[in-house]
Each structure stands twice: as C-alpha cells, then as structure tokens.
Amino acid sequence: MKSCIYPGTFDPITNGHLDVIKRASNVFDKVIVAVALNESKTPYFNYNQRVELAKIATKDLSSVEVVGFDNLLVDFAKSLNINTVVRGLRAVSDFEYELQIGYANASLWNEFETVYFMPSLKNAFISSSIVRSVLSHKGDISLLVPKEVYQKIKDEYVS
C-alpha cells in the first residue's frame, strides 16, 4: 500500500486543496492530510479549527486521514514510514518555492520524494490567503471552500 502526505497550514482548507487531495487519492492508496501547527505564521483560524475544517472537507473520502503535526515534515513523514509528499502547484511562483522546499527535504532524507499536482483550472486561482482576504472584508467565500466548510465558518467562526 502506497501512502503520501499532503502537508499545509490549511488556513482554511479550500476547494483547491480538496482538488489536490482528490487527485492524490486517485494515485495513492492513502492520503494523510497533515495540518501544520506552524507557529511562525499567524493563522486566521487556530490549529484545532484548521484540523476540524480539514476533517469536515474530507469526511466523504475514505482513503483520506487528517492529522495535525508540529515538527519537521521529514521527521513527521519518517514517524509514519511514508517517504512521499504531495504538493499543489498553481503558478510558476509556486513551483519556484516548492522546488526549494523539495530539495531541502530531500537533503534531510534522501529517500524523500515530492510529487506535484496541479488543481483543475477552475480552482487554480484559489488560495487560503485569498479566502482570508475575502473573509476579512466580510465577502462571500462560498465558491472558494467546500460547502460544509463554508457552513461551519459561517455558523461558528465568523460573525
């Protein structure tokens, strides 16, 4: 059984993330969506909320598991005995950043592989930062995040 990790802060999880998760689940037997604590960033949603929203978004995907982590990705991957990470690419600027991260991870563990997925064209522009910006201006994010995530954010996290 081949598994992969799809890491991120998921602040919040978006339709773009879900698109990549679904694509990865077509290739891998199991996808671990790994929500990073990442204290170097100041998230809009707290750690527990981000994990909860990711679980809500993926609840119907039987081969997907959501877990949180607060250590180095390579160490987290080793602890699960998984050597493949999935990353999403929307634009050339993503590729430049992800290439550096991929090389850095490979330098820490030479068996570590990075696989890149592109979201479908309709989701290519969506990022968590766009969702946060729209939210901060009290805009409608219903087309940017999974329906159940939108409902949870609307009902519980945003006044």
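Select Arg50 and display every residue that it touches in this predicted model. Leaving out residues up to four places away in sequence, the contacts of Arg50 are Thr9, Phe10, Asp11, Val35, Ala36, Leu37, Pro43 and Phe45. Arg50 itself belongs to helix 2, which covers residues 47-58.

Keep Arg50 selected and add Asp11. Which side chain of opposite charge is nearest to Arg50, and how far away is it? It is the side chain of Asp11, at 4.4 Å. A salt bridge requires the nitrogen and the carboxyl oxygen to be within 4 Å, and Arg50, although buried, has no salt bridge. Now turn to Phe45: its backbone oxygen is 3.1 Å from a polar atom of the Arg50 side chain.

**Helix 2**

Next, select residues 47-58, the whole of helix 2. At 1.5 Å a residue, the 12 residues of this helix should span 16 Å, and the end C-alpha atoms are 17 Å apart, which agrees. At the N-terminal end, display Asn46, which caps the helix. A side-chain oxygen of Asn46 lies 3.0 Å from the backbone nitrogen of Asn48.

Which residues of helix 2 are buried? They are Gln49, Arg50, Val51, Leu53, Ala54, Ile56, Ala57 and Thr58. An α-helix has 3.6 residues a turn, so residues three or four places apart point the same way. To find the packing partners of the buried residues in helix 2, display helix 1 (15-27), strand 2 (30-36), strand 3 (64-69) and helix 6 (147-157).

Within helix 2, select Ala54. Ala54 has a relative accessible area of 0% and is therefore buried. Beyond its neighbours within four places in sequence, Ala54 is in contact with Ile13, Val35 and Val66. For a sense of scale, draw a distance from the C-alpha atom of Ala54 to that of Phe112: the separation is 24 Å, and the two residues are 58 apart along the chain.

**The nonpolar cores**

Select Ile13, Val31, Val86 and Val149 together. Among the 31 residues of the largest nonpolar core, these four touch the most other members. Strand 1 (3-8), helix 1, strand 2, helix 2, strand 3, helix 5 (128-136) and helix 6 each give two or more residues to this core. Which element provides the largest share? Helix 2 does, with 5 residues.

Center the view on Val31. Not counting residues up to four places away in sequence, Val31 touches Cys4, Tyr6, Ile21, Ala24, Ser25, Ser63, Val64 and Glu65. Another core, of 13 residues, lies apart from the largest one; Ile5, Ile32, Val74 and Ile82 are among its members.

From Val31, move to Tyr6, one of its contacts. Tyr6 is found in strand 1. Is Tyr6 buried or exposed? Its relative accessibility is 5%, so Tyr6 counts as buried. Apart from neighbours within four places in sequence, Tyr6 is in contact with His17, Val20, Ile21, Val31, Ile32, Val33, Ala34, Val86, Arg87 and Gly88. The C-alpha atoms of Tyr6 and Val149 are separated by 18 Å, and the residues are 143 apart along the chain.

**Salt bridges**

How many salt bridges does a search of the whole structure find? It finds 9, and three stops follow.

Begin with Arg23 and Asp19, which form a salt bridge whose closest N and O atoms are 2.8 Å apart. Because these residues are 4 apart in helix 1, about one helical turn separates them. Arg23 is partly exposed, at 33% relative accessibility, whereas Asp19 is buried, at 11%.

Proceed to Glu65 and Lys30, whose closest N and O atoms are 2.8 Å apart in another salt bridge. This pair links distant parts of the chain, with Glu65 in strand 3 and Lys30 in strand 2, 35 residues apart. Glu65 is partly exposed, with a relative accessible area of 33%, and Lys30 is partly exposed as well, with 26%.

Finally, select Glu52 and Lys152, where the closest N and O atoms of the salt bridge are 3.0 Å apart. Glu52 lies in helix 2 and Lys152 in helix 6, so the pair ties together parts that are 100 residues apart in sequence. Glu52 counts as partly exposed, at 31% relative accessibility, while Lys152 counts as buried, at 15%. Add Glu156 to the selection to complete the view: Glu52, Lys152 and Glu156 are linked in a network of salt bridges.

Methods. Residues numbered from 1 in each chain as written. Predicted model: local features only at pLDDT ≥ 70, side-chain atom pairs only at ≥ 80, totals over all residues. Heavy atoms only, no water. Buried < 20%, exposed > 50% of the residue type's maximum accessible area, 1.4 Å probe, protein only. Lys, Arg positive; Asp, Glu negative; His and termini not counted. Polar contact = N/O pair within 3.5 Å; in protein donor to acceptor, adjacent residues only side chain to side chain. Contact = heavy atoms within 4.5 Å. Expected span 1.5 Å × (residues − 1). Core = buried A, V, L, I, M, F, W, Y, C linked by side-chain atoms within 4.5 Å.
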